[in-house]
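Have a look at the fold below and spin it round a few times before reading on. We'll then walk through it together, beginning with one side chain and working outwards.

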Amino acid sequence: MAIAPLGIQPAIAGGIGDWLPVPTGIYFEINGKQFFLGDYSADPTLTYPGSKWEVKVNGRIWAHGYGQTPGWVVETAKKVFGF
């Protein structure tokens, strides 16, 4: 009998919010509009200049990117900051 390796499957694991620590700050850009939430409200300085999105947990960068803002960033911002 063969046993298949058990990996995290999106259908099983649910959304990224199931394992994402609660962010203390989120910055993202959509259609040229910028959103500075949490830690970024007091200090909108980006850790990675030119990035299109950043997520901080306890004041430290947890994730960032230069391409299109992923849906999980926007959904997390809605849940945590109610924007």
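**Starting from a tryptophan**

Let's begin with Trp-53, which counts as buried at 9% relative accessibility. Keep in mind that this is a predicted model, and every value here is computed from it. Anything under 20% relative accessible area is called buried, so Trp-53, with its 9%, falls on the buried side. And what does Trp-53 pair with? Its aromatic partner is Trp-72, with the ring centres 5.6 Å apart and 85 degrees between the planes, an edge-to-face arrangement. Trp-53 belongs to strand S3 (residues 53-57) and Trp-72 to helix H3 (residues 71-81), and with 19 residues separating them, the pair links distant parts of the chain. Trp-72 itself counts as partly exposed, at 22% relative accessibility.

Now look for Ala-63, in strand S4 (residues 60-65). Leaving aside residues up to four places away in sequence, Ala-63 touches both Trp-53 and Trp-72, along with Glu-54 and Val-55. Ala-63 counts as buried too, with 15% relative accessibility. If you'd like a distance to check on screen, try Ala-63 to Val-73: the two are 10 residues apart in sequence, and their C-alpha atoms are 9.6 Å apart.

Staying with helix H3, you'll find Thr-76 there. A polar atom of the Thr-76 side chain lies 2.7 Å from the backbone oxygen of Trp-72. Is Thr-76 buried or exposed? It's buried, with a relative accessible area of 7%.

Time to visit the other aromatics. There are 5 aromatic pairs in the structure. One of them is Tyr-27 with Phe-36: the ring centres are 4.9 Å apart and the planes sit at 35 degrees, so this pair is tilted. The two partners differ in how much of them you can reach from outside: Tyr-27 is buried, with a relative accessible area of just 1%, while Phe-36 is partly exposed, at 28%. Add Tyr-40 to Tyr-27 and Phe-36 and you have one aromatic cluster. Tyr-40 has something else going on: the charged end of Lys-56 sits over its ring, 4.7 Å from the ring centre.

Next, follow the backbone through strand S1 (residues 25-30) and strand S2 (residues 33-38). These two run antiparallel, and 6 bridges join them. How many residues lie between S1 and S2 in their hairpin? There are 2. In that turn, Asn-31 has a positive phi of about 50 degrees. For a cross-strand landmark, find Glu-29, which stands opposite Gln-34 in S2.

Finally, zoom out. The chain has 3 helices and 4 strands, and from the N terminus on they run α-β-β-α-β-β-α. Of the 83 residues in the chain, 28% are buried; Tyr-27, Trp-53, Ala-63 and Thr-76 are among the buried ones you've met. Looking at contacts with a separation of 6 or more, 42% come from residues 24 or more positions apart. As for the outside, the accessible surface of the chain comes to about 5600 Å², and 58% of that belongs to carbon and sulfur atoms.

Key
Residues are numbered from 1 along each chain as its sequence is written. This is a predicted model: local features need pLDDT of at least 70, side-chain atom pairs count only at pLDDT 80 or more; totals for chains, interfaces and linings use all residues. Side-chain values use heavy atoms; hydrogens and water are left out. Rings of Phe, Tyr and Trp (its six-membered ring) pair if their centres lie within 6.5 Å; planes under 30 degrees apart count as stacked, over 60 as edge-to-face and the rest as tilted. Buried means under 20% relative accessible area, exposed over 50%, partly exposed in between (1.4 Å probe, protein chains only). A charge sits over a ring if NZ of Lys or CZ of Arg is within 6 Å of the ring centre and within 35 degrees of the ring normal. Contact means heavy atoms within 4.5 Å. Accessible areas come from the Shrake-Rupley method with a 1.4 Å probe; for residues, only the protein chains shown count as cover. A polar contact is a pair of N or O atoms within 3.5 Å; within protein, one must be able to donate a hydrogen and the other to accept it, and residues adjacent in sequence count only if both atoms are side-chain atoms. Two strands pair if DSSP finds at least two bridges between them.
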